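Colleague: Before I rely on the labels attached to this structure, I would like to go through them with you and hear the reasoning behind each one.

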Amino acid sequence: MGRVLADERSVDQVEILGFTGARLPAALLTGAAALVLGLYVGLSVWAVLGGWSAYFTRGTSLRDRAYNIACAVTGLGLTIVAQALADKLNPGLGAAALPVTWFLLAISVQLMQWITGVKNIPSYFLGCAVAFAASVETSLDSYLMLTAAIVAGAFVAALPDMVRPVPEDKL
């Protein structure tokens, strides 16, 4: 009954999806809360989850995580512009319009690390994935709706960090 394993670890040492110990239940609860918020407000649930995921891509300080969301929103904007460009090029290039614009989008995302100085390619691509999966018309309204969904997910993910006191060196 009281069998001890050779690799026994404490709860604080267990890591699942990058979350360890006591932070794991908070992460799971905030993920579920993000989904409920998306349903309640009428935003795309998967877009809210994209914002929640983007929040955790890099860094541990609130500043780093704010950059994560800025990168996701930038990737979202770049993708909507690429979709509009594909629509404009479609009459001339036909079926090649989409691959050409997606190639330009991928190059743009890679260049963003030098233009902005923020080297968070995963967050840029999360924003691209949200915009691509949304299949919405290319308009400012669509961009703002998806931005709201990403920010809502990030806000829910940030709640435990905002409630818990942050040490001076993490600001």
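Colleague: To begin with the overall layout, what pattern does the protein chain follow when read along the sequence?

Modeller: Bearing in mind that this is a predicted model, the protein chain reads β-β-α-α-α-α-α-α along its sequence, with two strands and six helices in total. Of its 171 residues, 36% count as buried, and about 10300 Å² of the protein chain is exposed, with carbon and sulfur atoms supplying 67% of that area.

Colleague: What share of the contacts in the protein chain with a separation of 6 or more comes from residues 24 or more positions apart?

Modeller: Such residues account for 62% of those contacts.

Colleague: How do you know how many disulfides the structure has?

Modeller: The criterion is a pair of cysteine sulfur atoms within 2.5 Å, and a search of the whole structure finds zero disulfides. As for burial, Cys 71 has a relative accessible area of 3% and Cys 128 one of 5%; the cut-off for buried is under 20%, so Cys 71 is buried, and Cys 128 counts as buried too.

Colleague: What makes a set of residues a nonpolar core, and which residues have the most contacts inside the largest one?

Modeller: The members must be buried residues of the nonpolar kinds, joined through side-chain atoms within 4.5 Å. The largest such core has 24 residues, and those with the most contacts inside it are Tyr 55, Ile 69, Leu 76, Val 130, Leu 146 and Ile 150. At least two residues of this core come from each of helix 2 (45-55), helix 3 (62-93), helix 5 (121-134) and helix 6 (140-163), and helix 6 supplies the largest share, eight residues. Apart from this core lies another, of nine residues, including Cys 71, Leu 105, Val 109 and Met 112. As general background, nonpolar side chains tend to be buried together in soluble globular proteins.

Colleague: Which residues does Leu 146 touch, leaving aside those up to four places away in sequence?

Modeller: With that exclusion, Leu 146 touches Ala 47, Leu 76, Val 130, Ala 131, Ala 134 and Val 136.

Colleague: Why are helix 2 and helix 5 called roughly antiparallel?

Modeller: Their packing angle is about 175 degrees, with the axes 10 Å apart; angles over 145 degrees count as roughly antiparallel, and helix 2 and helix 5 are therefore given that label. Helix 2 makes the contact through Trp 46, Ala 47, Gly 50, Ser 53 and Ala 54, and helix 5 through Ser 123, Leu 126, Val 130, Ala 133 and Ala 134.

Colleague: Why is Asn 68 called buried?

Modeller: Asn 68, which is found in helix 3, has a relative accessible area of 2%, and since buried means under 20%, Asn 68 is buried. Not counting residues up to four places away in sequence, Asn 68 touches Ala 54, Tyr 55, Phe 56, Thr 57, Arg 58, Asn 120 and Ser 123.

Colleague: What makes Ser 135 exposed, and what is its phi?

Modeller: Ser 135 lies in the loop between helix 5 and helix 6, and its relative accessibility is 63%; exposed means over 50%, so Ser 135 counts as exposed. Its phi is positive, at about 50 degrees, although Ser 135 is not a glycine. Most residues other than glycine have a negative phi.

Colleague: How do you know that Val 156 and Thr 30 are buried or exposed?

Modeller: Val 156, in helix 6, has a relative accessibility of 6%, and Thr 30, in helix 1 (residues 23-41), has a relative accessible area of 9%; with the cut-off for buried at under 20%, Val 156 counts as buried, and Thr 30 is buried as well. Beyond residues up to four places away in sequence, Val 156 touches Thr 30, Ala 33, Ala 34 and Leu 37, while Thr 30 touches Trp 52, Val 156, Ala 157 and Pro 160. Thr 30 and Pro 160 are 130 residues apart in sequence, yet their C-alpha atoms are 8.1 Å apart in space.

Colleague: Why is Met 145 called partly exposed?

Modeller: Met 145, found in helix 6, has a relative accessible area of 35%; because partly exposed covers values between the 20% and 50% cut-offs, that label applies to Met 145. Leaving out residues up to four places away in sequence, Met 145 touches Leu 43 and Val 136.

Methods:
Residues numbered from 1 in each chain as written. Predicted model: local features only at pLDDT ≥ 70, side-chain atom pairs only at ≥ 80, totals over all residues. Heavy atoms only, no water. Helix = DSSP H or I, 4+ residues; strand = E, 2+ residues; numbered from the N terminus. Buried < 20%, exposed > 50% of the residue type's maximum accessible area, 1.4 Å probe, protein only. Contact = heavy atoms within 4.5 Å. Areas by Shrake-Rupley, 256 points an atom, 1.4 Å probe, with all protein chains shown as cover. Axes fitted to C-alpha atoms, helices over the stretch in contact; angles between N-to-C directions. Parallel < 35°, antiparallel > 145°, perpendicular 65-115°, else oblique.
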